[in-house]
Amino acid sequence: MKRLRLISLLFAFTVAGTLPTKAQTTVVESDEYTPSVFIIARDGGHKHNHETLRLRVVDDYRETTRKGFRQSHKPHYIFASPDNKFSFALGGSVTLRTSYDFDGVMGNIDFVPFDIPAKKGFANRQRIMMDASTSRFFMQAIIHSGCLGRIKIYSDIDFRGGEAFSYIPRLRSAYIQFCGFTVGRDVSTFCDLGAAPRTIDFEGPNAYNFEFTEMIRYEYSFLRNHMKVGIAAEVPKVNGTYGEHFAPIYQRVPDGIAYIQYAWGEHQSSHLRVSGVIRDMYLHNVSAKKNTTEVGWGVQLSGHISASRWVDIFMNGVYGKGITPYIQDLTGEPYDVAYNPENPMHIQTMPMWGWQAAAQINIMPGRFWVAGGYSEVCLEKENGYLAKNEYHKGQYIFGNAFFNMNRDFTLALEYLYGSRKNMDNEKASANRLSLMLQYNF
């Protein structure tokens, strides 16, 4: 009870401290966009219609700003050439997350069910954290080329490049887009950015997939933007449990990813997407003294349904073998390939699956909403299991509320519950309560 009163008092003081001093505030509609600073370069005294130019430049950034999970807002600072052949924009956000873990503490700054310890001891019962590493800075340029059309160049960084709380800058993305192509570093093509709800927790639902990687991607929209297809070659990341008879080597074949999407509703606000990935994973057979490969594959159904102005539904389900980079809870874990527990001379890909569903209730659309959801990931047995304490299943349950006090300032509160079950059915859980303050600039 004391803990609940303390958290309530902290939340009340935070809200009181951030409320505007005037009784009346201006509500900015979600479809309105005006940059805070707009500068046009001089052109030797030639006259231009600055308002027409401003509208064209603003349209460029409105149309090229991507929506979805962990995406940047529209830029506040834009610098343009007099003929709009080139424009450059800056933006970012300062984010402070305050979290309190109780009845189970994991060794991770994010809420990852895989990392929940099986045993609770004196050192992992409770913890308080304050983290600003998800603060972000981005740069975007748009070039109007005669032969390639509109070219978008984008790059952003946060401060998650090292150990937790080290605040080492990390390059999140750096890519160029033209004629349907994306070349550089971006969120994996297997990720459906519109299929996950917004969370304070940076990791998000454990069955989702949000990873940055280097790629060459091509996308094409048709049927008045109702249909969209994409195909990509992406840098492979393979992790395995090799045993004594196998060893990891450098990869030689990129992961192949493709998707098809159908969108409907006002401004194509709802969609369903089917995605697939195929992987040719190389490793060395120590006993046979030769290299060999194992094929990994995965399929996913994902989407977002805008049921009404007041209700949004998010979901994705994924199944495959050897696809740890494409399931959040298993990313980086050694389960793409593993030796056969019944015959260590053989290697195999590990089956895995996950799903998540969430609903968002827009009490004040674009201003205040509450959301909740459930997510589950399972690593299946294949010819038995490697160890009794090996991960088998993880659950992720969340409930949150977001309040946009104005266009730039957001206040949010979130509760998280997670559990982990091992192959021997040993189970552990963890809880987290988080408060977030975010300012976009």
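How many positive and negative side chains does the chain have, and how far apart do the centres of the two sets lie? Keep that in mind while you look through these views of a predicted model.

**View 1. Charges across the chain.** Here's the count: 47 positive side chains and 43 negative ones. Take the centre of each set, and you'll find the two centres 4 Å apart.

**View 2. The whole chain, from end to end.** Start with the building blocks: the chain holds 23 strands and two helices. Put a box around its C-alpha atoms, along the principal axes, and you need roughly 80 × 60 × 40 Å. The radius of gyration is 24 Å, which agrees with the value near 22 Å that a compact globule of 441 residues would have. Now look at who touches whom: among contacts with a separation of 6 or more, 64% are between residues 24 or more positions apart.

**View 3. Inside and outside.** Of the 441 residues in the chain, 45% are buried. The accessible surface adds up to about 21400 Å², and carbon and sulfur atoms own 60% of that.

**View 4. Phe181 meets Tyr218.** If you search the whole structure for aromatic pairs, you get 19. One of them is Phe181 with Tyr218, a tilted pair with 4.9 Å from centre to centre and 50° between the planes. Check where these two come from: Phe181 sits in strand S8 (residues 181–187) and Tyr218 in strand S9 (residues 212–222), so to speak two distant parts of the chain, 37 residues apart, linked by one pair. Are these rings buried or exposed? Somewhere in between: Phe181 is partly exposed because its relative accessibility is 34%, and Tyr218 is partly exposed too, at 32%.

**View 5. Tyr396 beside Phe398.** A pair of aromatic rings is described by two things, the distance of the centres and the angle of the planes. For Tyr396 and Phe398, the centres lie 6.5 Å apart and the planes make an angle of 55°, so this pair is tilted. Why does Tyr396 count as buried? Its relative accessibility is 0%, and buried means under 20%. Phe398 is buried as well, with a relative accessible area of 5%.

**View 6. Four rings in one cluster.** Finish with a group of aromatic residues. Phe69, Tyr208, Phe210 and Phe212 together make up one aromatic cluster. Find Phe69 in the sequence, then the other three members, Tyr208, Phe210 and Phe212, and pick them out in the structure.

Methods: Residues numbered from 1 in each chain as written. Predicted model: local features only at pLDDT ≥ 70, side-chain atom pairs only at ≥ 80, totals over all residues. Heavy atoms only, no water. Helix = DSSP H or I, 4+ residues; strand = E, 2+ residues; numbered from the N terminus. Rg over C-alpha atoms; globule rule 2.2 N^0.38 Å. Buried < 20%, exposed > 50% of the residue type's maximum accessible area, 1.4 Å probe, protein only. Contact = heavy atoms within 4.5 Å. Areas by Shrake-Rupley, 256 points an atom, 1.4 Å probe, with all protein chains shown as cover. Lys, Arg positive; Asp, Glu negative; His and termini not counted. Charge placed at Lys NZ, Arg CZ, Asp CG, Glu CD. Phe/Tyr/Trp six-rings, centres within 6.5 Å; stacked < 30°, edge-to-face > 60°.
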